[in-house]
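Open the model in a viewer and keep the sequence panel visible. The stops below are given in the order in which to select them.

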Amino acid sequence: MSGGGAVIARPKEQFYWRGLHVPFIAPWSDEQHLPITIVRRVGVGGTGIGYADELSHVDRRRDVLWARQAVARGSGTPFLAGVHPLRQRQAMSHMLCQVCGESTYGSGFRRWGERHLFVARAPKGRPLGEGEITTTPPICLPCAHESVGVCPHLRKGWTAALVERAQPWGVAGIRYDKKTFRTLPLPSTGLHMAQIGHLEERWTLAMRDAVTLHGVTSIDLGALA
């Protein structure tokens, strides 16, 4: 605590693997998905999926069921292309850099007119648009420069934008069939998307938070340095 009584956040520990900066949201081999039993759950909003041993204050957020995965960041081997559900959610909720895990409400945010930096894959060169739905958290400028140089996914093409606000939209996850309780095939885009308040949200095991981007301005990373 400082002399004025303000709480000073401790810097998050940074991890490296074979010379690469391991993203804050990347899962590690010791962070296994925990065993679960999916059951039918009837609640105020209707019928959907739940855990047989559910603890709603832990397993749910905005009444949406979230995937259970152990938390042991830095333990084992990192899966650089993966995403840890809890840390991705934390990054989206608190606007943390997806790579270093630090707040993006820093000097850059103020210098850029109180806007956050987002970098996303763009194999065909398409820029981020107004109202774009994304599950990719923001990123700080140093980590953005590092990522576009070493990330295999971004090497195929990327786009960057300054964003005034990221508004909660829904979740991305695994969808269950309402009759058979079996998981449905994943779409070609990856995970199933479910908007806040939509019926499908109750049948989706959330893996990532999704937001819409507003006040979007495409930028050149070099110009921000």
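Start with Arg175 and Glu200, which form a salt bridge whose closest N and O atoms are 3.5 Å apart. The pair links distant parts of the chain, with Arg175 in strand 9 (residues 158–175) and Glu200 in the loop between strand 10 (192–195) and strand 11, 25 residues apart. The model is predicted, and distances and areas here are computed from it. Colour the two residues by accessibility: Arg175 is buried at a relative accessible area of 9%, whereas Glu200 is partly exposed at 22%.

Keep Arg175 selected and look across to strand 11, where Thr204 stands opposite Arg175. Now show strand 9 and strand 11 as a whole: they pair in the antiparallel sense over 13 bridges. Strand 9 also runs antiparallel to strand 10, joined to that strand by four bridges. To find this pairing, select Val171, whose bridge partner in strand 10 is Ala194. Another antiparallel partner of strand 9 is strand 7 (residues 116–121), with six bridges between the two. Here the residues to pick are Ala120 and, as its bridge partner in strand 9, Thr159.

Next, go to the other salt bridges. How many does a search of the whole structure find? The count is 12. Select Arg68 and Asp53, one such pair, with the closest N and O atoms 3.1 Å apart. Arg68 lies in the loop between strand 6 (64–65) and helix 2 (85–94), and Asp53 in the loop between strand 4 (46–51) and helix 1 (56–59), so the contact ties together parts 15 residues apart in sequence. Arg68 is buried, at 15% relative accessibility.

Move to Arg62 and Asp209, a salt bridge with its closest N and O atoms 3.7 Å apart. Because Arg62 sits in the loop between strand 5 (60–61) and strand 6, while Asp209 belongs to strand 11 (residues 204–218), this pair ties together parts 147 residues apart in sequence. The two ends have separate accessibility classes: Arg62 is partly exposed at 39%, and Asp209 is buried at 4%.

Then select Arg41, Glu54, Arg60, Asp63 and Arg202 together; salt bridges link these residues in a network.

Switch to the cysteines. Why does the structure hold zero disulfides? Take Cys100 first: the closest cysteine sulfur to its own is that of Cys97, 3.7 Å away, which is too far for a bond. Cys100 is buried, with 9% relative accessibility. Then take Cys140, whose closest cysteine sulfur, in Cys143, is 3.4 Å away and also too far for a bond. The cut-off applied to a pair of sulfur atoms is 2.5 Å.

For the surface, select Leu20, Leu80 and Val150, which make a nonpolar patch of about 200 Å². Leu20 is in strand 2 (residues 20–21). Its relative accessible area is 32%, so Leu20 counts as partly exposed.

Finish with Gly43, in strand 3 (residues 38–43). Gly43 is partly exposed, at 27% relative accessibility. Add Gly215 and draw a C-alpha to C-alpha distance: Gly43 and Gly215 are 37 Å apart in space and 172 residues apart in sequence.

Terms used. Residues numbered from 1 in each chain as written. Predicted model: local features only at pLDDT ≥ 70, side-chain atom pairs only at ≥ 80, totals over all residues. Heavy atoms only, no water. Buried < 20%, exposed > 50% of the residue type's maximum accessible area, 1.4 Å probe, protein only. Patch = residues over 30% accessible without salt bridge, like charges linked within 9 Å, V, L, I, M, F, W, Y side chains within 5 Å. Areas by Shrake-Rupley, 256 points an atom, 1.4 Å probe, with all protein chains shown as cover. Salt bridge = Lys/Arg side-chain N within 4 Å of Asp/Glu carboxyl O. Pairing = 2+ DSSP bridges.
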